[in-house]
Amino acid sequence: MGDEFDPGEAVLADLGKWRVPIRQEFKDLFQPPMGVPPPRKDDFCILTDSTAKILHRQPYRMTPAEREEFEKQIKKLLENSWVTDSHSQYAAPVIFVKKTDSTALRMCVDYRRLHKITAKDRYPLPYIDDLLDRLHAGRVFTKLDLASGYHQVRIHSDDCHKTALIAPDGFYEYKVIPFRLAYVPAAFMWMMHRILHSHRWHVIVYLDDVLIFSRT
């Protein structure tokens, strides 16, 4: 059992004293993401069938609680510049679902009709077992979880109008990738692999989860 890594209290204390200085030195990296990311070659494109009928749905009815939650969430999205007012011919209705761990409401957009006319991205998600096999030599691990990962990727300007969402009290479109949009995981996975490819011998990534590992 002597070969197993046991940090012990001394090592944990030593790690602890570095946390505050590191967070202060790189405090810009620990701030919540704000604003629209700069244009990149990874801007997300929504490739739709040009012969398909433009999709416009009427808004779903909302309860008073859902209306209140919509106003709160859309205000945050507007403040971050992640959505803007829309005049699109597309429109997908907003729905709310309860989060699994609480009674809080999660705002979703019913993009099911848009999904039917969108070209599929075939980039594969990695097998978990294959990722775990790469950790056999690791002894020290650091896990990072990107905050609002999808919202850190811009939608191509030609396709923003396709994300239009409609509610009884508003009509908006996304400037960044919304959650629950089809084929986003594959496109996001490709981007993360491209960015971190040169570090693949000590970094593994699954969507917005990053694991850094090393022998010492």
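**Exercise 1. Find which residue just after α2 takes a positive phi.**

Solution. Go to the end of helix α2. Helices are DSSP runs of H or I with at least four residues, and strands are runs of E with at least two, numbered from the N terminus. Just after α2 comes serine 81, whose phi is positive, about 65°.

The model is predicted: local features need pLDDT of at least 70, side-chain atom pairs count only at pLDDT 80 or more, and totals for chains, interfaces and linings use all residues. Residues are numbered from 1 along each chain as its sequence is written, and side-chain values use heavy atoms, leaving out hydrogens and water.

**Exercise 2. Check the span of helix α2 against its number of residues.**

Solution. Step one: the expected span is 1.5 Å times one less than the number of residues. Step two: α2 covers residues 64-79, which is 16 residues, so 22 Å is expected. Step three: the end C-alpha atoms lie 23 Å apart, which agrees.

**Exercise 3. Sort residues of α2 into buried and exposed.**

Solution. Step one: apply the cut-offs. Buried means under 20% relative accessible area, exposed over 50%, and partly exposed in between (1.4 Å probe, protein chains only). Step two: list the buried residues, Glu66, Glu69, Phe70, Ile74 and Leu77. They span an arc of only 125° around the axis, so they sit on the same side of α2. The arc is taken from the directions from the helix axis to the C-beta atoms. Step three: turn to the other side, where Pro64, Glu68, Lys72, Lys75, Lys76 and Glu79 are exposed. Step four: recall the helix rule. An α-helix has 3.6 residues a turn, so residues three or four places apart point the same way. Step five: find the cover. The buried residues of α2 are covered by elements including β1 (83-85), β2 (92-98) and β3 (105-109).

**Exercise 4. Describe the salt bridge of aspartate 42 and the one of aspartate 169.**

Solution. Step one: a salt bridge puts a side-chain nitrogen of Lys or Arg within 4 Å of a carboxyl oxygen of Asp or Glu. The structure holds 6. Step two: aspartate 42 meets arginine 194 at 2.3 Å, N to O. Aspartate 42 is in the loop between α1 and α2 and arginine 194 in helix α5 (residues 184-196), so the bridge ties parts 152 residues apart in sequence. Aspartate 42 is buried, at 10%, while arginine 194 is partly exposed, at 33%. Step three: aspartate 169 pairs with arginine 67, with 2.7 Å between the closest N and O atoms. This pair links the loop between β5 and β6 to helix α2, 102 residues apart.

Definitions and conventions: Contact = heavy atoms within 4.5 Å.
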